[in-house]
Amino acid sequence: MSASPAALTVRRPATVTRGHLPLRYVLLETGRQLRNVRAMVFTFAVPVVMLLVFGAAFGSQRDPGTGLQYLVVTTLQMASYGAMMAALSQAFAIVNERSLGWNRQLRVTPLSGWAFMVSKVIAAMAFAGMSIVVTVLVATIGMGASLDPVRWLAAGVGIWCGVVPFALIAILIGQFAKPAFAQPLFMVVFMGLAILGGLWVPLSVMPAWMGNVAHLLPSYWLNRMGQMGAGATGTAGMLEPALVLTGWAVLLAVVIIWRYRRDAARQ
């Protein structure tokens with residue numbers, strides 16, 4: 001287990017001005033998250049187990065919708081699922097920090113709202129990147145998923161970059177949720193994004209209304225980023241999902257910074 005935030009001493013360096021992003025704090029936050037062994041094992045194990053179950057069912061058959069191997073399609077779904085889980089799981093750390101008064105300590109330091117947000121996003125992306133790499137390695141080395149290495153790289157990087165909105169959703173949950181309601185809220189958000197976004201069951205077998213809902217969710221576009229990076233047929237490139245995910249990120253970032261500043265003004 002990582003050290004409790006309350007056990008860490010916060011000092012206000014005279015050389016750091018509000019609005020800057022302290023590198024030491026970013027490294028501290030990232031390292032603290034990566035030391036959470038139980039969360040890492042759970043986050044990495046679930047998508048890999050689902051990949052082994054669903055990916056092995058169809059072998060090298062081709063998905064008519066994307067032109068890719070079913071195994072590759074499943075790998076991209078599980079990589080997106082694992083990355084999303086890794087990013088959203090940061091919510092628990094933030095809720096815990098709030099309950100211990102850690103956020104109140106941060107607000108009396110030079111750490112600005114945007115710097116607080118960026119530090120959390122960097123930690124989430126480090127976690128998500130490891131999950132993506134593990135899932136792809138299991139698919140390629142252990143299961144023989146066939147795709148050009150450049151395509152694997154494009155798909156993996158696309159999914160990794162698309163994780164940002166989910167890290168921001170985690171921050172929002174952490175900012176608003178009380179400890180008693182954090183887990184239920186997390187499960188509702190996480191399961192809703194996974195199922196309605198088509199990360200568990202292909203949208204082609206779902207009712208039409210669910211397909212329409214999926215297009216409004218960032219989880220759908222996260223999966224599309226992976227598919228387009230992998231060279232799926234019938235796609236217009238990665239620009240559309242990138243723009244949608246960027247729009248989500250901007251909207252969420254505005255709300256997070258507003259909330260952080262509002263809380264700071266109460267101190």
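**Notes on the predicted model: loop, rings and helix packing**

1. Let's start with Met 206, which has its place in the loop between α9 and α10. This is a predicted model, so take what follows in that spirit. Despite being a loop residue, Met 206 is buried, its relative accessible area being 14%. If you set aside neighbours within four places in sequence, Met 206 is in contact with Ile 195 and Val 201. Its C-alpha atom is separated from that of Leu 196 by 9.3 Å, and the two residues are 10 apart along the chain.

2. Now the overall layout. The chain has 12 helices and zero strands, and from the N terminus on the elements read α-α-α-α-α-α-α-α-α-α-α-α. Of its 267 residues, 49% count as buried. Take the contacts with a separation of 6 or more: 80% of them are between residues 24 or more positions apart.

3. On to the aromatics. A pair of rings is described by the distance of the centres and the angle of the planes. The count of aromatic pairs comes to five. One of them is Tyr 81 with Phe 190, a tilted pair at 5.2 Å centre to centre and 45° between the planes. This pair links distant parts of the chain: Tyr 81 belongs to helix α3 (residues 70–88) and Phe 190 to helix α9 (residues 179–196), 109 residues apart. Tyr 81 and Phe 190 are both buried.

4. What is the geometry of the rings of Tyr 81 and Trp 200? Their centres are 5.9 Å apart with the planes at 50°, so this pair is tilted. It also links distant parts of the chain, with Tyr 81 in helix α3 and Trp 200 in the loop between α9 and α10 (208–214), 119 residues apart. As for accessibility, Tyr 81 counts as buried because its relative value is 3%, while Trp 200, at 29%, counts as partly exposed.

5. Worth viewing these residues together: Tyr 81, Phe 186, Phe 190 and Trp 200 form one aromatic cluster. Phe 186 is found in helix α9 and counts as buried, at 8% relative accessibility. Leaving aside neighbours within four places in sequence, Phe 186 is in contact with Leu 88, Ser 89 and Phe 92. The C-alpha atoms of Phe 186 and Met 85 are separated by 10.0 Å, with these positions 101 residues apart along the chain counted as their separation.

6. There is a charge-over-ring arrangement to check too. The charged end of Arg 259 sits over the ring of Phe 176, at 4.4 Å from the ring centre.

7. Next, helix packing. Two packed helices are described by the angle between their axes and the distance between the axes. How do α7 and α11 pack? Helix α7 (residues 149–161) and helix α11 (residues 218–229) have their axes 7 Å apart and pack at an angle of about 160°. The cut-off for roughly antiparallel is over 145 degrees, and so α7 is roughly antiparallel to α11. The crossing in which α7 passes α11 is right-handed. On the α7 side the residues are Arg 151, Ala 154, Ala 155, Gly 158 and Ile 159; they meet Leu 222, Met 225, Gly 226, Met 228 and Gly 229 in α11.

8. Helix α11 has another partner in α3. These two pack at an angle of about 135°, with axes 9 Å apart, which makes α3 oblique to α11. The α3 and α11 crossing is right-handed. Val 73, Leu 76, Gln 77, Ser 80 and Met 84 of α3 make the contact with Ser 219, Leu 222, Asn 223, Gly 226 and Gln 227 of α11. If you're tracing α11 in the viewer, note Leu 222 and Gly 226: they appear in the contact with α7 and again in the contact with α3.

9. Last one: is Thr 135 buried or exposed? Thr 135 is found in helix α6 (residues 113–142), and its relative accessibility of 0% means that it counts as buried. Not counting residues up to four places away in sequence, Thr 135 touches Pro 47, Val 48, Leu 51, Thr 75, Met 78 and Ala 79. Of these, Thr 75, Met 78 and Ala 79 fall within the range of helix α3, residues 70–88.

Key:
Residues numbered from 1 in each chain as written. Predicted model: local features only at pLDDT ≥ 70, side-chain atom pairs only at ≥ 80, totals over all residues. Heavy atoms only, no water. Phe/Tyr/Trp six-rings, centres within 6.5 Å; stacked < 30°, edge-to-face > 60°. Helix = DSSP H or I, 4+ residues; strand = E, 2+ residues; numbered from the N terminus. Buried < 20%, exposed > 50% of the residue type's maximum accessible area, 1.4 Å probe, protein only. Lys NZ or Arg CZ within 6 Å of the ring centre and 35° of its normal. Axes fitted to C-alpha atoms, helices over the stretch in contact; angles between N-to-C directions. Parallel < 35°, antiparallel > 145°, perpendicular 65-115°, else oblique. Left-handed = near helix turned anticlockwise from the far one by under 90°. Contact = heavy atoms within 4.5 Å.
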